[in-house]
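Biologist: I've got the sequence and the model open side by side. Can you walk me through how the pieces pack?

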Amino acid sequence: MDRQRLSSIAHSHHPIAAPLSGVTVNRLLRRTGRGPAARILDLGCGEAAWAMQALTHCPDGFADAVDISTYALDRAAVAAESRGLSDRLNLHQRDAREYVPDGDYDLVFCVGSTHVYGGFTPALRAAGRHLNEHGVMLVGEGFWQAPPTSEALDALGAKPDDFTDLAGLVERAETAGWTPIYAHVSDPAEWDDYEWSWVGSLTEWALDNPGHPDAGEVLALAREHRRQWLRGYRDILGFVTLVLRRAHRPAPADS
């Protein structure tokens with residue numbers, strides 16, 4: 001089955017597409033302190049859940065949401081219509097790396113999609129080009145919550161240096177010229193809800209479509225992902241969403 005279609009099915013019960021609850025998303029949005037007419041950009045948006053929720057916090061705002069997935073954007077369009085947000089949300093089907101920056105957004109999201117840019121630091125650099133001087137960026141990224149085991153590395157297809165610990169991730173942000181003003185580390189309940197939703201959506205689809213030629217493959221994929229999570233990276237891989245502003249160097253003192 002097409003990977004975009006699989007991803008859409010997997011996230012059908014968890015459109016945020018990251019291990020965060022709706023309460024957490026709203027708290028993070030409040031922390032950004034954006035005004036009612038904010039201009040918003042969601043990079044690697046999936047079903048544009050972040051962009052749409054931000055628009056509810058910014059009743060006079062407008063958002064652009066960018067993703068390569070036809071299925072995700074189709075679902076985003078339906079959700080935007082049902083929420084009365086279609087006139088304030090523009091959906092763009094393209095690689096986020098090709099979205100031309102104009103440096104005038106007030107709020108930029110790059111949650112769970114830093115891999116598009118080749119990692120955390122290059123994502124900060126690329127996403128930051130879209131922000132105005134006083135803009136805020138929300139970046140969601142994985143980190144080693146505990147030293148990675150061989151089982152965790154195998155399950156994730158990762159190397160030990162693919163992630164750092166939380167302190168190291170914050171230091172990378174600062175080195176890149178950003179200052180965290182708030183952060184949320186996903187708790188075990190958020191992780192469990194995300195993972196069970198992911199495998200559960202695929203499993204239910206396969207069970208509800210037993211005659212589909214891809215049903216067996218999808219069921220096996222869900223089972224394998226569940227095994228990798230439970231016996232591999234559960235309680236080892238963490239996820240943090242950072243609220244970042246540009247670091248402004250203090251003006252030199254008068255001599």
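**Packing, question by question**

Modeller: Sure, and keep in mind that this is a predicted model. Let's begin with a pair of helices: the crossing of α2 and α3 is right-handed.

Biologist: How are α2 and α3 set relative to each other: parallel, antiparallel, perpendicular or oblique?

Modeller: Helix α2 covers residues 22-32 and helix α3 covers residues 49-57, and their axes lie 10 Å apart. The angle between them is about 55°. Roughly parallel needs an angle under 35 degrees and roughly perpendicular runs from 65 to 115, so α2 and α3 are oblique.

Biologist: By class, which residues make up the contact of α2 with α3?

Modeller: On the α2 side you have Val-25, Asn-26, Leu-28, Leu-29 and Arg-30, and they meet Trp-50, Gln-53, Ala-54 and His-57 of α3. Sorted by class, that contact has one charged, three polar and five nonpolar residues.

Biologist: Which helix gives the most to the largest nonpolar core?

Modeller: That core has 49 residues, and Ile-40, Ala-48, Trp-50, Leu-89, Leu-107, Phe-109 and Leu-138 have the most contacts inside it. Seven residues of the core come from one helix, residues 188-208, and that top contributor is α8.

Biologist: How many residues are in the other core?

Modeller: It lies apart from the largest one, and its members include Leu-41, Tyr-99, Ala-123 and Ala-126. As a rule, nonpolar side chains in soluble globular proteins tend to be buried together. The count for this other core is 24 residues.

Biologist: Is Ala-126 buried or exposed?

Modeller: Ala-126 sits in helix α5, residues 120-128. Buried requires under 20% relative accessible area. Ala-126 has 18%, so it counts as buried.

Biologist: Which other residues of α5 are buried, and what covers them?

Modeller: Along with Ala-126, the buried residues of α5 are Phe-120, Ala-123, Leu-124, Ala-127 and Gly-128. Their cover includes β1 (39-43), β4 (105-111), β5 (131-144), α7 (166-175), β6 (178-185) and β7 (237-246).

Biologist: How far apart in space are Ala-126 and Glu-151?

Modeller: In sequence, 25 residues separate Ala-126 and Glu-151. Going from C-alpha to C-alpha, the distance in space is 33 Å.

Biologist: What does Thr-203 touch?

Modeller: Thr-203 belongs to helix α8. Its relative accessible area is 19%, so Thr-203 is buried. Leaving out residues up to four places away in sequence, Thr-203 touches Leu-219, Ala-222 and Arg-226.

Terms used:
Residues are numbered from 1 along each chain as its sequence is written. This is a predicted model: local features need pLDDT of at least 70, side-chain atom pairs count only at pLDDT 80 or more; totals for chains, interfaces and linings use all residues. Side-chain values use heavy atoms; hydrogens and water are left out. Axes are lines fitted to C-alpha atoms, for helices over the stretch in contact, and angles run from 0 to 180 degrees between N-to-C directions. Helices (H or I, at least four residues) and strands (E, at least two) are DSSP runs, numbered from the N terminus. Angles under 35 degrees count as roughly parallel, over 145 as roughly antiparallel, 65 to 115 as roughly perpendicular and the rest as oblique. A crossing is left-handed if the near helix is turned anticlockwise from the far one by less than a right angle, and right-handed if clockwise. Contact means heavy atoms within 4.5 Å. Ala, Val, Leu, Ile, Met, Phe, Trp, Tyr, Cys and Pro count as nonpolar, Asp, Glu, Lys and Arg as charged, and the others, Gly among them, as polar. Buried means under 20% relative accessible area, exposed over 50%, partly exposed in between (1.4 Å probe, protein chains only). A nonpolar core is a set of buried Ala, Val, Leu, Ile, Met, Phe, Trp, Tyr and Cys residues joined through side-chain atoms within 4.5 Å.
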